[in-house]
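Visitor: Could you pick one part of this model and give me a close look at it? I'd like the cut-offs along the way.

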Amino acid sequence: APFHKVGFADFWLADQLNSLSVILMDLEYMICFYSFELKWDESKGLLPNDPQEPEFCHKYSYGVRAIVQCIPAWLRFIQCLRRYRDTRRAFPHLVNAGKYSTTFFTVTFAALYSTHEEQNHSDTVVFFYLWVFFCIISSCYTLIWDLKMDWGLFDKNAGENTFLREEIVYPQKAYYYCAIIEDVILRFAWTIQISITATFKPHVGNIIATVFAP
């Protein structure tokens, strides 16, 4: 997409990339670190804690990090637009595209907040609140989609599968109920990351993000 018709393998792979977005960020950091923050010609290897040579791979200021973070959502976004073009069905394709588009706003304001905070700009708090606002929008949007479209919550055709979709794979419905609860918790786990990042160092927030990644 958007140059050819989207098949099952296409959106399945893009969905997996969205699930692995935190790993992609770690991969980007690893490549950046070994390329720019590691001195291969010195025996100790690691750069000293020198203000003249600050760490930058974990920051948004050099641009690549934000782009990498948006790539998985962008792939699904354009796939949804292509599927709408092919089917002319606003639901679910345009609605699904809207879900992925919230990632762009979240990443944009996270990057602006991070860079403005580093430079001690007076408008830093504005970008912080915008970041939190779009995080809430994105989490609620995604959670509603998960509950209604993926889990089939309150499906009127569920029959004996109370609160679930009509057809389920596992015989024990408790698995699905537990997964739904876990989904709700993990969708808002970013609140822990933001709280810790604002209080402590960004590295701690990154660790929390990795642990609680959906």
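Guide: Let's set the scale: with a 1.4 Å probe and protein chains only as cover, buried is under 20% relative accessible area, exposed is over 50%, and partly exposed is in between. At 42% relative accessibility, then, Tyr-34 counts as partly exposed. This is a predicted model, where local features need pLDDT of at least 70 and side-chain atom pairs 80 or more, while totals for chains, interfaces and linings use all residues. Numbering runs from 1 along each chain as its sequence is written, and side-chain values use heavy atoms, without hydrogens and water.

Tyr-34 sits in helix 2, residues 21-37 (helices are DSSP runs of H or I, at least four residues, numbered from the N terminus). Together with Leu-27, Met-30, Ile-31 and Trp-40, Tyr-34 makes a nonpolar surface patch of about 560 Å². Patch members have over 30% relative accessible area and no salt bridge (Lys or Arg side-chain nitrogen within 4 Å of an Asp or Glu carboxyl oxygen), with nonpolar side chains joined within 5 Å and like charges within 9 Å. Those areas are Shrake-Rupley values with a 1.4 Å probe.

Helix 2 also has a packing partner: buried residues of helix 3 pack against helix 2, as well as helix 1 (8-19) and helix 4 (90-118), where contact means heavy atoms within 4.5 Å. Among those buried residues of helix 3 are Val-68, Cys-70, Pro-72, Phe-77 and Ile-78. Helix 3 also has a kink of about 40° at Ile-71, shortly before Pro-72; that bend is the angle between axes fitted to the seven residues ending there and the seven starting there. Just after helix 3 comes Arg-88, with a positive phi near 60°.

Conventions
Helices (H or I, at least four residues) and strands (E, at least two) are DSSP runs, numbered from the N terminus.
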